[in-house]
Amino acid sequence: MTTEQYNESVDLFADRLYRFVIKSLNHAADAEDVVQTCFEILWRNHSRVAFESCRSYLFTVAYHEILRLLRRQPVEELTDTLPVGYLDDNLSLRELLERCLQRLPPQQKAVVLLRDYEGYRYEEIAEITGLSLAQVKVYIFRARRKLRDDLLSLRHVV
Amino acid sequence: MNINQQNLAAWLQRACSKQLTAAEEQALLNMLEQHPEWLDGNPEALRWLPDEADILPNRERFKAKVTEANCDLCYQLAVEGRLKPDYRNHLEKFLEAHPAVHNRLKMYGQVVLHPDPALRFPQRSRLYRRPKAVVPLWSRLAAAAAAAVLALAWLLNDLPRQPVAPEVTELLPVISGLPPVPEVMPEEPAHEQRRPTAAIAQASQTTEPATEVQPVETEIADDSELPPLPVPVPQILRDGDAPLRPQVALQPVPQQQPLLHATISAAWLRQADAWLKSLQASAARARQTAQRIIPNQASGPNAVRLVMAIGPLEMDRTFFARTIPADHNY
């Protein structure tokens, strides 16, 4: 990958990577650091990474950085009941969905985001995350079911 | 190989991950043929079975069976467009028969996330990299040549300058118009100042014997027999009315003249010493004048050039002091 291609990858993927990371971490400053780190690593290895594969390379690095950061944070216990003050009456469907998204386990959240935001196929998600294809399918299935159940309960509450 | 309803999920999980051997797959399929009701609680089987169509002879019996247990998975696959056509038909029939389940499954169409295009990375400019500038060879050579020229110019500029600098020459008319320095200049009668060489020779004969001058090989009594001086004798020594001529005093003095090897007389030495004293007097007067003219430029270029002009004179003084003993009285 040449320097021009690297700069083109910044144009193409910086925002998309940032959206993926910030939704996974739910923290803007950490997301900026992760994106910066991803492109720094890409630049360090730009002579060995083809331009065609730089997108999956970036998301692979970002996924592992996200997991590394989340492992340092205290684990939030996911319960079936929503905490008090979690909702207000003026939330749109997207905002409700994003709040439900934050209640997912990190890996489920990441695979759903890769699937919905980036449109990756299951095989590509398995390659990026290092999971097996069956694990990816199961994670996505469970994540959607969890999202739907949370959304249903939230709608009942609202 | 123990396959039962309790561990069927684990077996199906391994089958979806393609971790089963052919014998294990066959055993699992046989067990599912015998107990198709076990699939109701195991939606993972639907992912595996449609891809293995040739393995299971009786798969059509339960393949397109959509129940409440697997309807979630089937609906999700339908939303993503990955449900096979035969299952799609069965799913439609199932949803028509179960409207309550249909309303619940409709929510799957809403749990698809959509990116927010307004969310942009704020520091994108920090991510860009500049391409390395390719410097052609000719420009590198030109830069090296320019550096060499500059270095040469600096070296030439750093060499010692000529004793008489243009700035000093400009000061000479000012210096020449000043009165002489009394403590340096000898006070001699007017008639002796007109012929200083003869007066010095006469004084030499009366004050000390010529034999006491050790370096002198041959003594020259007559003034006309003196050997020519390597440098022109300052006119101040011959013209008593004009005792000091700084122009002459500040002229460059050759450093490596064969003065030591010449046969010189005591008269010549005395004459040269007087000439040197007059030069030093001129230099002292020039220094005083320079300080008066440029009082605030003690280290400026003019002052430096004045010092460089005076430097050879001081060297000559040192030379004569080494050649002639300090206690030598002549």
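Across the interface of chain A and chain B, the rule finds 8 salt bridges, a salt bridge being a side-chain nitrogen of Lys or Arg within 4 Å of a carboxyl oxygen of Asp or Glu. One of them joins the side chains of A:Arg148 and B:Asp72, at 2.8 Å from N to O. Bear in mind that this is a predicted model, where local features need pLDDT of at least 70, side-chain atom pairs count only at pLDDT 80 or more, and totals for chains, interfaces and linings use all residues. Residues are numbered from 1 along each chain as its sequence is written, chains are lettered from A and ligands numbered from 1 in the order in which they are written, and side-chain values use heavy atoms, with hydrogens and water left out.

**The interface**

Besides the salt bridges, you get 17 residue pairs in polar contact between chain A and chain B, both residues at pLDDT 80 or more. A polar contact here is a pair of N or O atoms within 3.5 Å; within protein, one must be able to donate a hydrogen and the other to accept it, and residues adjacent in sequence count only if both atoms are side-chain atoms.

On the side of chain A that touches chain B, H1, H2 (28-44), H4 (93-101), H5 (106-116) and H7 (133-157) each supply at least two residues. The largest share, 13 residues, comes from H7(A). By type, that side divides into 22 nonpolar, 5 polar and 15 charged residues. For this split, Ala, Val, Leu, Ile, Met, Phe, Trp, Tyr, Cys and Pro are nonpolar, Asp, Glu, Lys and Arg are charged, and the others, Gly among them, are polar.

How big is the area buried between chain A and chain B? It comes to about 3800 Å², with carbon and sulfur atoms giving 57%. Buried area means the accessible area (1.4 Å probe) that two parts lose on being put together, summed over both. A:Arg19, A:Phe141 and A:Arg148 supply 17% of what chain A buries against chain B, more than any other three residues. In residues, the contact (heavy atoms within 4.5 Å) takes 42 from chain A and 34 from chain B.

A:Asp15, in helix H1 (residues 3-25) of chain A, is one residue to look at here. Leaving aside neighbours within four places in sequence, A:Asp15 is in contact with B:Leu119, B:Arg120, B:Phe121 and B:Arg124. Why does A:Asp15 count as buried? Because its relative accessibility is 6%, and buried means under 20% relative accessible area, with exposed over 50% and partly exposed in between (1.4 Å probe, protein chains only).

**The two chains**

Helices (H or I, at least four residues) and strands (E, at least two) are DSSP runs, numbered from the N terminus.

| Chain | Helices and strands | Buried residues | Contacts at least 24 apart, of those at least 6 apart |
|---|---|---|---|
| A | 7 helices, 0 strands | 54% of 158 residues | 66% |
| B | 13 helices, 0 strands | 38% of 330 residues | 71% |

In chain B, helix H4 (residues 71-80) is mostly covered, with 9 of its 10 residues buried. Among them are B:Asp72, B:Cys74, B:Tyr75 and B:Glu80. That same B:Asp72 is the salt-bridge partner of A:Arg148. H4(B) is followed by B:Gly81, whose phi is positive, near 80°.

**Cores and the end of H7(A)**

The largest nonpolar core has 76 residues, and A:Leu17, A:Phe20, A:Val21 and A:Phe39 touch the most other members. A nonpolar core is a set of buried Ala, Val, Leu, Ile, Met, Phe, Trp, Tyr and Cys residues joined through side-chain atoms within 4.5 Å. Leaving aside neighbours within four places in sequence, the contacts of A:Phe20 include A:Phe59, A:Tyr63, A:Ile66, A:Leu113 and A:Tyr117. A second, separate core of 10 residues includes B:Leu12, B:Ala15, B:Met31 and B:Trp38.

Helix H7 of chain A also holds A:Ser153 and A:Leu154. A:Leu154 is buried at 0% relative accessibility, whereas A:Ser153 is partly exposed, with a relative accessible area of 28%. The side chain of A:Ser153 reaches the backbone oxygen of A:Asp150 at 2.7 Å. As for A:Leu154, its C-alpha atom is separated by 9.4 Å from that of A:Leu97, 57 residues apart along the chain.
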